[in-house]
Amino acid sequence: MGNKYVEENLNGMDSIQANDLWLMYKIPFSNNGKISWDNFWALKGISFNVRSGEAMGIIGENGAGKTTLLRALLGLLKCDRGSIKTTGRVSALLEAGAGFEPELSGQDNIRRHARFFGLAEEAIEAAYPKIAEFAELGRFIQAPVKCYSQGMLVRLAFSIAVHMQPDILLIDDSLTVGDEYFQAKCVKKIFQLKEEGKTIILVSHNTSLLVRLCDRLLLLKDGRLLRQGSAESVVPLYIQLEGEKAGTALIRDGALELVFNNGRVFLNWQGRLLTPEPGVYTAIKFRDKWLSGLQASWEAVKPAENRIIARGIFYEAGLEQIWTIELATQQEVLVSVDIKSRQAVEIEESFVNMLLRADYQEWFSLAEQGEFSPITSNSSNWRPYLGEGEARRCVGVREVRDAQGQCLPAVIFEQENSSGKRTAQILNSDYLCPARVLQYKTFCRSNYAKTAATQVNLFQGKIVVGVPDIGQYLDNIEYNYILQSGDLKLKWRAGQVILSRQGKVLTKANHASTLLRAGNQQHFSTIAEWVSKKQSENKIVAAGTWPGVPLVEHWEMELKDGCFFIWKIWVEVTAEVSIQEVYARFSFCEQYKSYRTSYGAGKFPDEFMEYEVDMLQKCVPDGSVILSADTEQMPEVCMQFPRPPNIFAKVLNSDMSDRARIVYVENIIPEDKMRFTPGKYECFEIHTAIAPPEANGPVLAAAGNTAKLKKDGLEIVFEKGQGHIFWQGTQLTKRLGLYTSIRSGERWFDSHSQAVWEVKNSDNTIEASGKWVHLPLVQTWRLAFAQENMLEFAVTLEAHGIIDTDRLQTNIMVSELYDKWVGSQAQGVFPDFKGEADDDWDVVRSEPCGAGQIAGVEMAAAGQRQLPSITFYPDAAAQDWAMAIVNSDLHHRSRLLQHVNKGVIKFVPQQIVKCNFKILIGKRK
Amino acid sequence: MSNRTNPNRGGYFYRIRTALVRPLTERITNIIRCRRLIIQTGICRFRAKHAGLKLGIWIAVLNPLLVMLAISFVFTHIIQLDIDNFPLFALSGIFPWLFFSNCLLEAAFSITSQQVLLHKFKVPAEALPLIVIFAEFLSFLVGCCIIYPIFLVFNPQIIVLLPVLLLVLAAFIIFLFGLGLALATLNVISPDIGQSLGIFIMFWFWVTPVFYSLDMIPVKFFWLSQLNPMTHFITCFRSLLFYAQLPAGEVFLAIAGCAAGSLVCGAYVFSKWETSMLKRI
C-alpha cells in the first residue's frame, strides 16, 4: 500500500509546467539587398503540463517550433512571455553527434559531456563503463573523436544522454541516424527508461514510434499548439496536415475541427477523425479526362479565423478550382466549390465525395434510410444504396459508437437547392480503403455542359455534424411545405410528395413524383426547378420547369378529411412541343404485400429482381388500385383516377435498389395528338384514399367486366378481353384463351392487356366492347351458341381515328395436350416446341382463308382424358386473310388456332372490319 | 514584519537589489557551482589544443621566445633603442601581452565557435569565455615554468615579488574575463567585431609600451597612454619581472580599477544582450 501511494504521488506531480510560452526570433530578411529585421514568432502561446513518469511526444512539420520548444524547456532559450517550471534534472539529446571535442578521445569526450550534463565526478566514473559498453565502440573509445563516423558519433551521444540518470529526458529526432540494430537498441533503452519512471519528451516524425511510446502527443503547427491528447487522436490530425504547406489550413470551432489539405477536407469531431483519407474531395470530367482535386496545386488562405479560401490550379487543363469553407457554427460547415476558367468550360461530369469512417452503420437520405453492409474483400465495390436519376438534397449517416466505444456524431451532407443539377448518392467504398461515401454527382446534361460561363459551381451546400434530432432537422430543411389533416401528413419538396400517417412514412424511393416525356427526353419532376406556394392550410400549388423545355408542369396537392390526398397535374405549354407520355408514379414501402384492382389482384413477391416487374401484365384502365399491407401500421391505400381517354394504371414491383411497390398512372398520348400548341392541358387528377373510415375502401367496380354463357356441358367465360371455353368443367383453352391482337407500328396491342372492356351479358349472348388505350380502335365481340356444341364468334373492329395496322389476329390458345392438327387440305402432328420465351412463334401450317375452311386440333394421346376436338373457321372467304396453326413458345406451351391478315389496313374514322367465326367443340352433329 | 514585503520601504536600494543584485548573485553562485565543469573543461580544452600538435606543450614557451627574438633583432640591429638588456626587457612585456591577445581572440569566439554546447546542454553561457580563458591561463602557466626561471637567473630578487605578481595576475584575469565576455556576446550579435578584432589588437600592441619603455612616450601623449589599461598591466609585469621593483601605488589602483571596470562592463553587456544572443545562435 505504501509503495503504491508513493508511486501515485510521484506520478501525480508535474515534471514540466509550461504556461503560455511565446518566443520570438528576429530574422534579417533581405529584400533587394535591403535587410529588414522582422519578428518571427517561433512559439505562440503554448501551454502544457507533463506529469512525472509520462512520455510525451512532440510532433509537427519542419519549422513548427519543436526544437525551439525543446531548447526553451531545457532553459537554453528564454521565452519572451510565459513561464516554464521543471522539477528534476533535465538531460537532453539534441543535435546528437555535435559538440564533441574532435581532438580528444571518445573516453575524454564522454567525461566532458557528462560534466556538461552536470554529473559529479564520482557519478561520471560510475557511469563510464556502462556508456562505453552501450555505445559499442570497441577500441575506438580511445581514438580521437575526429576519426569517428557519423553513426559512431550518434551512438556515443545517445549512450551518454541516456546514462545521465535524468529525471526528464528530452530527445530530438535523432533516432533516425545509425543502423537499424542500434536504432532498435535505442528505442528499447527509451522504453526501459520510461518503465523506470523517467519523464520523456520525444520529438520525432516517426509516428509509429510515437504511438507506441508516448502517452500523450503535442501537435505543433506554425508555433501553435494545435492539439494535445492521446497519440491515437493526434496522429491522424498530423497526417491530415501532411502535404504541401501552402495548400493546408485548419479552422476549428468547439468540437469541430476542419483541415483543408491540398484539395482534401478532413473533419474532426472532439479530436476524432471522421473522414478517412482522402476525406472530402472533388473530381471533374473535363475533355474526357477525370481530374481529381488532389492533382491541382493549391494555395489556401484564411481570411478569417473561421474561413478558408483555397485556390487550386490545374495547369494542364487551364482550370482553377476554388473552395470556400466556412465554419458557420460549431456544427455547421458551409462549403462551396467552383470551377473557373478563362474560356467557356464544358464540364462533362463531376462529383464531390465525402468518405466517412466505416464504423458508421446507418445511412439516411431525405425520407429513406437503411443500413450499410459490411465491407468485405468480395463485396462489390462502390455499391450505391440509392436509386438513380433523382435529385436528393441531403444525405447522411447516423450517430454510432466505434470499436473503442467512442461516439461518432451524425454527419449530414446537404446541398443548397441546386435546381436539380446534382444527385446525391450513398455508397460503400471498396475494402482497400473501407469507408462510407456520401456523394453529390452532376451528370452530363446537354444544357449543363454547354454553359458558356467562365465559372461553374460544382457544389454548394453544407456539412452538419452532431445533430441530435435528425428527424426534426430533416423535416426543417427538406420540405418546402408540410400539410397535415388528421393523422395524415403530406410533405412537399421539389418534385416529390411524401405521404405519412401517424409518423409512418408510407412512400419511399421516389415517393410520389411524375415523369414527363417531351421531345423524346424524359423529364423527372424531381430534377425540375420548382416554385411552390402554400395556397391554403391544406393545399399546395407548385410549378416546375426544366431548362430548355417550353412547358410548365403544375401540381396541386390537397389533403382532405384526414384520409384523402388529391393530386391534380396539368401542363402549361409555352411553345409548340411534342409530349409523348405523362406518368404519375407512386412508390410505396415494401411492407405493402398485396394489390387489388378491378382487373386482377395478387400478392407482391418478397424478392426483388434487377428490373421492374409488371405484376398484372396488363393495364388497369379505370377504377382504382388498392394496396394493402399485412401489418396494422401501414394503412390500406386506394388510388382512384377518373378515366378520360388514354389513362390507365400499372402495378409493378420495383428493382432491387428501390425495393418498393410501384403504382403508375399513365397518360399515353396518341401519336396524332402529340403536338401541343401553347395552352393548358390537364393530365390527371388522382384521388388517393389512405385508410378511409369505411374499412374496406371504395368497392371495386366488379360488374361490367366478366360475363358467362352456359349450355349443356359447355361454358364460355369472358373476362377483360379474353374468352375461355370450358367443357364439362375442364378448361379447353389455355392461358390467353380467346383473344385478339393488333399490330401497329411494330408493336403488338393485345385485347387482354391494352384494351378497356365493357360487357353486356344476356341469356344467350355476350356482347363486349373493348377500347384500345393506345390506338383509336374499338372492338366489339359477340359470342353466342349456334348449336349445342357450336359457338358463333363475331369480331368487329371500328376506328375512330386514323391508324395503320399491319396485322390483325383472332386467336384461340388451347392446351398442348392437343397433339394433332387438322387443316382443310392436310393434317399432321404438332412438332415439339421450339425456341425460348419471346421467340417468334412457330407457324406449323398456314392456309389461305376460304369460306368454311377449317383449322382444327384433335387429341390422340391415350391415357389422358379424351378432350373434344376444337375447330375454328370463318364464315366468309377473304383474300388477304389466312388460317394458321401455330405452336407457341416454351413459355406458353400451347397450340394456337389463328385467323390473321397480312396486309396493311389504313383505318379512317368509322371504317369497320368485320369477321365472323364458328368454333366447333367436338364432332359436328 | 508585515512591512517587510512593502517594496516602498526598501525604496531605491530595494529595487536595485531585486533587479540587479539578486540575479547577479544568482549568476555568480551558478558559475561557482560550475567551477568544476569550468576547470575540467578548461583542462580538456588545453589538452585538446595541444593534442594535435607535434610541438605539444612547448608551443606555449616557444611562442613568446620567438616573438622576443624577432623584436630584439629589429630594435637592436635595425632601429636602435637605448635600452639595456633589450631582449629580456621585451620579453617581460611580450609574455603577458601574448597571453592577453590569445585570451581575447579565443574568448571573442568562445560562444560562436561552441554554440553547439549551448544547444545541447544547460550550461551558463558566461562559462564558455571563462573556460577558454582558463585554458589559455594553463598555457601561460606552462610558459611561466620556463620563462620565469630565465628572469630569475638575471634578477634573483624578483622571487620576493612573486606574491605580488600572482595578485596582479588575478586582477589581469578578471580584466580579461570582463572584456572577453563582452566581446563574446557582441560577436554573436554582430560578427564584425570578431573579424576586426585581430587588427584592433595589433593596433593596441603598438600603442602599448611593450617593446619600448613608458618614458619614451612624448609628454603630450602621456595622458593618453595612461587611459590604456594594458599600459598599467604591462608596466606592472615589467617592474615585477625585469626591474625587480614594486610598482607605484597608483599603478595598483589603476589595475584594480581596470579589472573592476572591465568586469562591470562585461556583465552589463552580457546581461543586456544575453536573451537575443541565445536566439541568434
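Visitor: How many bridges join strand E59 to strand E60 of chain A?
Guide: The model here is predicted: local features need pLDDT of at least 70, side-chain atom pairs pLDDT 80 or more, while totals for chains, interfaces and linings use all residues. Residues are numbered from 1 along each chain, chains lettered from A and ligands numbered from 1, as written. Strand E59 covers residues 777-787 of chain A and strand E60 covers 790-799 (strands are DSSP runs of E, at least two residues, numbered from the N terminus). They run antiparallel, and the bridges joining them number 10.

Visitor: Which residue of E60(A) stands opposite A:Leu777?
Guide: A:Leu777 faces a residue in E60(A). That residue is A:Ala799.

Visitor: Which are the edge strands of the open sheet in chain A?
Guide: The sheet has 9 strands, in the order E57-E58-E59-E60-E71-E67-E66-E63-E64, with antiparallel pairing (at least two DSSP bridges between strands). Each edge strand pairs on one side only. They are E57 (755-761) and E64 (827-829) of chain A.

Visitor: Which element gives the largest share of the side of chain B that touches chain A?
Guide: 19 residues of chain B are in contact with 21 of chain A (backbone-placed C-beta atoms within 7 Å). Helices H2 (35-51), H6 (115-120) and H12 (249-280) of chain B each give two or more residues to that side (helices are DSSP runs of H or I, at least four residues). The largest share, 7 residues, comes from H2(B).

Methods
Contact = placed C-beta atoms within 7 Å.
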